[in-house]
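Take a look at the model below. Follow one strand and the helix that comes after it.

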Amino acid sequence: MKVKMILPALTEAKSPFWRPIKYSLFPPLGLATLAAYLPPDASVDLQDEHVEKLDLNDEPDLVVIQVYITSAKRTYAIADHYREKGAHVALGGLHVTSLPEEAMLHADTIFLGPGEDTWPAFLKDYFGGRPGRVYRSKTRTLAGLPPIRRDLIKRRLYLVPNSIVVSRGCPHTCDFCYKVAFFEGGKGFYTQQVDQALAEIDRLPGRHLYFLDDHLFGDPRFASALFDGMKGMKRLWQAAGTVKSVLAPRLLEKAVASGLRSLFVGFETLNRNNLVEQNKYQNLDRDYAAAIRRLHDAGVMINGSFVFGMDDDDETVFDRTVEWAVEHGIETATFHILTPYPGTALYQRMQAQRRMTSDDWDLFDTRHVVFKPAKMSAEALEAGYWRVYKEFYKWSSIFRGAWAVPGLKEQCSKQCLPGLVPIRRAPPRLPAKALSRATDQPTGVTLSRLEGDRGN
């Protein structure tokens, strides 16, 4: 039996500027996870179009494709190609879950929601000669999850091959978040057993690793036990967390003791009205500045996430946000244009208000405006988005931000020429868009992100 597993390239990954960085960061752990359920005698070929050219001249029996919104058109073309060859084509992912009727036109089988519980059921039906058309996830558990087929991952092609996901989903329900729709109908957040997660970490070579979980700190008891177990592993790692989790007592200290060195934090907006509008209550009335000080005092770099275009944003939001981020010494920042993804509460609200202006999924990449903003034009929103990157990453902002980090002035007085910042403590910012999870790398047969998440 020949099985082909494909992660098609996102439309935005075709850009010669971004592709070498952001889209070669992480391997497709979701597909590698599903591959672990296949029988030992199955011949499995896993291809990621972000880092390699797809071979479409083969003749697999089963083709499994993970679909994001900006890879949907490419996915459907690939799916149609293999169906014409007689292969059984199965599609899953965030976009499939959001728009199953659309995906069904190009597939023999579709998966809705996380794939760990539906994929084994499909395989049983497939080998029994009666594969179903739709498999919808209801039972949410990672118990008994087999080790990821990392042997299928071409490690040399990725900047961060040591990526890992030890949970699924997020305990919060922000209106603009794609994941809420993906986990509808069951638990929206759940974790592996701690021992299981530690065993997967232990299988990774080298010292550095990157957690692609949407919210690694989402279950404080799990996170605390995980960090205790990692303490002797001598790992250095990065992850994503919330302002709320950073301010929680003791948890950050345990994370740092186990090797945390950089955290992606979803600040999203400095405007309280926007937080209420988007149902992002975990950030409401939190002291952002205190969270930043707490991270910096612990020696943790920050990649801050910000979203522009919420209904209380006008054209002053761009300069205010950049100035605030620089003043508080945020090392890297990832900026986004608010994007109403199908299946989200935000999309439903925009549809009801007749404010959606596009259904071209290629534009739903958080870099284009696909709706009518409330307090500025679409043109001003896009122009502001590109301007903030230029402003935040110019050298004067980099040095100002580095100077704002506690302790650097004292160190500089001993180790630098007058007026200079010790670069070893404040490395020049990389384009944080390249570092975002984005956003985008989610979970299941679907897994999401990046936007950031090609997690598992």
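This report covers strand β4, its partners and a nearby histidine in sequence, His95.

The model is predicted.

**Strand β4**

Strand β4 spans residues 88–92 and is mostly covered. Of its 5 residues, 5 are buried. Neither face is left open: His88, Ala90 and Gly92 are buried on one side, Val89 and Leu91 on the other. In a regular strand, side chains alternate between the two faces of the sheet.

**Partners of β4**

Strand β4 pairs with β3 and with β5. The table lists both pairings.

| Partner of β4 | Residues | Bridges | Direction | Opposite Gly92 |
|---|---|---|---|---|
| β3 | 62–66 | 5 bridges | parallel | Gln66 |
| β5 | 109–112 | 3 bridges | parallel | Phe111 |

Gly92 of β4 therefore appears in both rows: Gln66 stands opposite Gly92, and so does Phe111 in β5.**The link from β3 to β4**

Strand β3 runs parallel to β4, joined by 5 bridges. Between them the chain passes through helix α2, residues 72–84. This β-α-β crossover is right-handed.

**His95**

His95 lies in helix α3, which covers residues 94–98. Is His95 buried or exposed? His95 counts as buried because its relative accessibility is 0%, and the cut-off for buried is under 20%.

What does His95 touch, leaving aside residues up to four places away in sequence? Its contacts are Val67, Tyr68, Ile69, Ala72, Tyr76, Glu102, Tyr178 and Trp361. One of these, Ala72, is also a residue of helix α2, which spans residues 72–84. Tyr76 falls within helix α2 too.

Notes
Residues are numbered from 1 along each chain as its sequence is written. This is a predicted model: local features need pLDDT of at least 70, side-chain atom pairs count only at pLDDT 80 or more; totals for chains, interfaces and linings use all residues. Side-chain values use heavy atoms; hydrogens and water are left out. Helices (H or I, at least four residues) and strands (E, at least two) are DSSP runs, numbered from the N terminus. Buried means under 20% relative accessible area, exposed over 50%, partly exposed in between (1.4 Å probe, protein chains only). Contact means heavy atoms within 4.5 Å. Two strands pair if DSSP finds at least two bridges between them. A crossover is right-handed if, with the strands pointing away from the viewer, the path from the first strand over the helix to the second runs clockwise.
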